[in-house]
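The following exchange examines how certain structural labels are justified. Each answer sets a computed value against the criterion that applies to it.

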Amino acid sequence: DRPRILFFSCADSRVSPQLITGLAPHDVFTVRNIGHLVPPSELECGSSVAASLEYAVNHLAVPSIVVCGHSGCTAMHGLLGGAPADGSLGSWLRWGLPSLHALREGHPVGVTASEDGHTEVDQLAMVNVARQVEVIVRHSAIRDAVLAGRVHVTGLFVDSSADLLRLDRQAGCFVPVHGGDLATELLSWADTEPTAPALPRSPS
C-alpha cells in the first residue's frame with residue numbers, strides 16, 4: 001500500500017474522492033468524517049484522525065495531504081443553525097466552531113467567498129477547509145514532517161456547479177483549478193519536493 005495522497009473529505013454521500021480527483025484507488029489514502037474536521041492535537045491527541053495522519057505521513061510516507069470541502073455541506077448548515085451541544089454529534093461538531101468564529105471575524109477566505117457570491121453555508125465551508133489545513137500543518141503527529149518539507153498540505157473545494165477550486169493560502173482565497181486535469185496537478189504536488197512552510201500561529 002503506497003498511496004501518494006492523503007485525502008480528507010466530508011462523509012456526505014455526494015462526495016466521492018475518486019470521482020473528484022480522477023485518481024486510482026491505490027493512489028489515495030482516504031479519511032472521511034462529518035465536516036472533514038481535524039481535532040487539534042493540543043486538545044485531542046488520540047483521535048482516529050490523528051492516528052490516520054501519523055500513519056499516512058510517518059509510515060506510508062505520503063507526501064501530499066488534501067482537505068476537500070464541498071458546497072451545501074450539512075455540517076456547515078448545522079454549525080450556522082446552532083449545532084446541538086450534547087450527544088456524539090454535538091461533541092464532534094464542536095471542532096468546527098473555530099471555523100464559524102473565523103468566518104464571523106472576517107476570515108479573508110470568507111470575505112472573498114462572499115464577494116464572489118457564495119452562500120453563507122459555502123463561505124463557512126471554504127473557511128473550514130482553510131482552518132483544517134492550518135490545524136493539520138500544526139498537528140503534532142506530522143509537525144516535524146511539515147517543518148522538514150516532506151509533506152505538502154493544501155485545500156480543495158467543490159462548488160455548486162461541480163467546479164473545483166484550490167486554496168491559495170498566501171492570497172487567502174480559493175482559485176480555479178486550471179487545465180481540467182486535477183489528477184495530474186495533485187500528483188505533481190506529491191512528486192514535488194516542497195520547501196518547509198512557515199507554520200501559522202495558533203489562534204488565541
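**Labels and their grounds**

Q: What makes Glu-120 partly exposed?
A: In this predicted model, Glu-120 has a relative accessibility of 38%. Partly exposed covers the range between under 20% and over 50%, so Glu-120 counts as partly exposed.

Q: Why is the contact of Glu-120 and Arg-104 called a salt bridge?
A: The N to O distance between the two side chains is 2.6 Å. The criterion asks for a nitrogen of Lys or Arg within 4 Å of a carboxyl oxygen of Asp or Glu, so the pair qualifies. Glu-120 belongs to helix 7 (residues 120–138) and Arg-104 to helix 5 (residues 97–104), so the salt bridge ties together parts 16 residues apart in sequence.

Q: What makes Glu-134 and Arg-131 a salt bridge, and where do they lie?
A: Their side chains meet at 3.0 Å, N to O, and the cut-off is 4 Å. Both residues lie in helix 7, 3 residues apart, or about one turn of the helix.

Q: Why is Arg-131 called buried?
A: Buried requires a relative accessible area under 20%; Arg-131 has 8% and therefore counts as buried.

Q: How do you know that Cys-68 forms no disulfide?
A: The closest cysteine sulfur, in Cys-10, is 9.6 Å from that of Cys-68. A disulfide needs sulfur atoms within 2.5 Å, so this separation is too far for a bond. The count for the structure is 0 disulfides.

Q: What makes Cys-68 and Cys-173 buried?
A: Cys-68 has a relative accessible area of 1% and Cys-173 one of 15%. The limit is under 20%, so both are buried.

Terms used. Residues are numbered from 1 along each chain as its sequence is written. This is a predicted model: local features need pLDDT of at least 70, side-chain atom pairs count only at pLDDT 80 or more; totals for chains, interfaces and linings use all residues. Side-chain values use heavy atoms; hydrogens and water are left out. Buried means under 20% relative accessible area, exposed over 50%, partly exposed in between (1.4 Å probe, protein chains only). Helices (H or I, at least four residues) and strands (E, at least two) are DSSP runs, numbered from the N terminus.
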